[in-house]
Amino acid sequence: MEQNNQKQFNKKALILIAALIIAAVAMFCIYKVLMPKGQTGEKEITVTVVHADESSKDFVCQTDEAYLGDVLKAEKLVEGTEGEFGMFITSVDGETADDTKEQWWCITKDGESLNTSADQTPIEDGDQFELTLTEGY
């Protein structure tokens, strides 16, 4: 009788795992379909870099790229490491974030936080982005 219960438990566990995998794949597909898409074509964007000393510098970029990350790389404005969600920015305009001080580059658009990495952030003509060296995780 105990062996029968164990088989039923195993069967239910496998069904639950399969359902979770199917749900995860479905959510990923929905995200890919609904995520903002970049459009190619000529456009001009402005990227403001705010350094650790709070000085700032504007970079006006003419591009036909569809995503912010591609523009930043083409302009040689950033350096970073490639990861699961695109490039993790480690250096901007020659200033490198210091891990020992918990520094990182925050990307905002018109002062509002973004939920995407630079490589996943679509751009439109006239967009204004900020890259701010931020301290503290």
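## The turn at D93

In the hairpin of strand 4 and strand 5, 2 residues sit between the strands, and D93 takes a positive phi near 50 degrees there. Keep in mind that this is a predicted model. The two strands of that hairpin, strand 4 and strand 5 (residues 95-96), pair in the antiparallel sense over 2 bridges.

Strand 4 has another partner as well: strand 3 (residues 78-83) runs antiparallel to it, joined by 6 bridges. Strand 3 and strand 4 make a hairpin too, with 2 residues between them. As for its surroundings, strand 4 is largely enclosed by the rest of the structure, because 5 of its 7 residues are buried.

## S91, with a partner in each hairpin

S91 is a handy residue to look at in strand 4 (residues 86-92). It stands opposite E79, and in strand 5 its bridge partner is T96. The link to T96 also involves side chains: those of S91 and T96 make a polar contact at 3.4 Å.

How buried is S91? Its relative accessible area is 7%, so S91 counts as buried. Leaving out residues up to four places away in sequence, S91 touches L77, V78, E79, T96 and W105.

## H51, in a loop

Now hop over to the loop between strand 1 and strand 2, where you'll find H51. Despite being in a loop, H51 counts as buried, at 12% relative accessibility. Its side chain makes a polar contact with the side chain of E95, at 2.5 Å.

H51 also touches D93, the residue with the positive phi. Its other contacts, not counting residues up to four places away in sequence, are V92, E95, W105 and L133.

## The open sheet

Elsewhere, 5 strands form an open sheet in the order 2-1-8-6-7, with mixed pairing. Strand 2 and strand 7 (112-113) are at the edges with a single partner strand each, so one side of each has no neighbour in the sheet.

At the strand 7 edge, 2 bridges join strand 6 to strand 7, and these two run antiparallel. K109 stands opposite E112 of strand 7.

## The nonpolar core

The largest nonpolar core holds 21 residues, and L68, L72, I89 and L131 have the most contacts inside it. At least two core residues come from each of strand 1 (43-50), strand 2 (56-63), helix 2 (68-74), strand 4, strand 6 (103-109) and strand 8 (128-135). In soluble globular proteins, nonpolar side chains tend to be buried together.

Which residues does L68 contact, leaving aside its neighbours within four places in sequence? They are I45, V47, I107, A118, T121, I123 and F129.

Terms used:
Residues numbered from 1 in each chain as written. Predicted model: local features only at pLDDT ≥ 70, side-chain atom pairs only at ≥ 80, totals over all residues. Heavy atoms only, no water. Helix = DSSP H or I, 4+ residues; strand = E, 2+ residues; numbered from the N terminus. Buried < 20%, exposed > 50% of the residue type's maximum accessible area, 1.4 Å probe, protein only. Polar contact = N/O pair within 3.5 Å; in protein donor to acceptor, adjacent residues only side chain to side chain. Contact = heavy atoms within 4.5 Å. Core = buried A, V, L, I, M, F, W, Y, C linked by side-chain atoms within 4.5 Å. Pairing = 2+ DSSP bridges.
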